[in-house]
Amino acid sequence: MSVINYPNLTTQAGLLENPLYVFALESEATHEFADVSPLFVGIGKLNAMYNLMKRIHEEKPSIIINLGSAGSTSHKRGEVVCCTGFVQRDMDVTALGFEKYQTPFSVHKPILEYGISIDNLPHGICGTGDSFVMDHNTEDYNVIDMEAYPLALIAKQENIPFLCLKYISDGADGTAATDWPEMVKLAGSALKKTITSIL
């Protein structure tokens, strides 16, 4: 399985038996998701990888639902975007002849394609890296975050269905540092509304 298109999640038997909701921060979820006991993995790729693997080892979920905030220069602030393509934006070994974003000797292509695509949502390719971006200037990916790539990779390797929805909090530009702290307060309600509409 790579990318699967669904109109909503209720059409798939068993998919929601034991869902795991994954956020980086509690501020992205607020009280809106208190009833589903979400996993908060922290900021950055290593924290995301470690904490998700630890939880999966304890109990394998029926689906991983990654929700959170992200920047974008092409999607509007306040939009919720469904991501099914993932890039390690800070992986660059081109000096040794590898493609940009390619992990050397990995079986995975520079763009990891995996997850559930919801028909009525805007779609994006998420560039994940350990930096807060304020000068996004590439068309290789159009959503910018710090955790999604390892979450998608683990889900793919463990053969767990994966849904990634990102609330656009800023433009990954010169005002991102002031926009994000305010806009992230609205992420939880927007994501809950979106999740409710597809369940």
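So, the largest nonpolar core: it has 27 residues, and the ones that touch the most other members are Val22, Leu52, Ile64, Cys83, Phe86, Val143 and Phe162. Keep in mind, please, that this is a predicted model. Which elements give two or more residues to this core? Those are E2, H2, E4, E5, H3 and E10. H3 gives the most, with 7 residues. As a general point, nonpolar side chains in soluble globular proteins tend to be buried together.

There's also another core, lying apart from that one, with 22 residues. Leu15, Ala29, Leu163 and Leu165 are among them. Hold on to Leu165, please; that name comes back in a minute.

Let me go to Phe86 now. Phe86 sits in strand E5, and its relative accessibility is 0%, so Phe86 counts as buried. What is Phe86 in contact with, leaving aside its neighbours within four places in sequence? Here's the list: Pro110, Ile111, Leu112, Tyr114, Ile125, Cys126, Ala148, Tyr149, Ala152, Phe162 and Cys164. Take Ile125 from that list: Phe86 and Ile125 are 39 residues apart in sequence, but C-alpha to C-alpha they're 5.6 Å apart in space. And Leu112, also on the list, is the bridge partner of Phe86 in E6.

That brings us to E5 as a whole. Is E5 enclosed by the rest of the structure or open? Well, 9 of its 9 residues are buried, so E5 is largely enclosed by the rest of the structure. As for its pairing, let me go through the partners one by one:

- E8 runs parallel to E5, and 6 bridges join the two. One place to look is Gly85, whose bridge partner in E8 is Ile125.
- E6, residues 111-113, pairs with E5 in the antiparallel sense over 3 bridges. The Phe86 and Leu112 pair I just mentioned belongs here.
- E10, residues 162-170, also pairs with E5 in the antiparallel sense, over 3 bridges. Here Cys82 stands opposite Leu165, and that's the Leu165 we met in the 22-residue core.

While you're looking at E5, a reminder about strands in general: in a regular strand the side chains alternate between the two faces of the sheet.

Next, E2. Of its 5 residues, 4 are buried, so E2 too is largely enclosed by the rest of the structure. E2 pairs with E4 in the parallel sense over 4 bridges, and with E3, again parallel, over 2 bridges. Val22 is a handy residue to click on: its bridge partner in E4 is Asn66, and in E3 the partner is Leu39. Val22 was also in that list of residues touching the most other members of the 27-residue core.

On to the helices, starting with H2, residues 45-58. At 1.5 Å a residue, its 14 residues should span 20 Å, and the end C-alpha atoms are 20 Å apart, which agrees. Which residues of H2 are buried? They're Lys45, Ala48, Leu52 and Ile56. Those four cover an arc of only 65 degrees around the axis, which puts them on the same side of H2. Turn to the other side and you find Leu46, Tyr50, His57 and Glu58 exposed. So what do the buried residues of H2 pack against? Quite a list: strands E2, E3, E4, E5 and E8, plus helix H3, residues 148-157. And Leu52 is another one from the list of residues that touch the most other core members.

H4, residues 176-183, can be described in a similar way. Its buried residues are Ala176, Asp179 and Met183. Looking down the axis of H4, they fall within an arc of 65 degrees, so they line one face of the helix. What they pack against is E10 and helix H5, residues 187-198.

Last thing, a polar spot. Ser117 is in strand E7, residues 115-118, and Ser117 is buried, with a relative accessible area of 4%. What joins the side chains of Ser117 and His123? A polar contact, at 2.7 Å. Have a look at that pair in the viewer, and then I'll take questions.

Conventions: Residues numbered from 1 in each chain as written. Predicted model: local features only at pLDDT ≥ 70, side-chain atom pairs only at ≥ 80, totals over all residues. Heavy atoms only, no water. Expected span 1.5 Å × (residues − 1). Buried < 20%, exposed > 50% of the residue type's maximum accessible area, 1.4 Å probe, protein only. Arc of directions from axis to C-beta. Contact = heavy atoms within 4.5 Å. Polar contact = N/O pair within 3.5 Å; in protein donor to acceptor, adjacent residues only side chain to side chain. Pairing = 2+ DSSP bridges. Core = buried A, V, L, I, M, F, W, Y, C linked by side-chain atoms within 4.5 Å.
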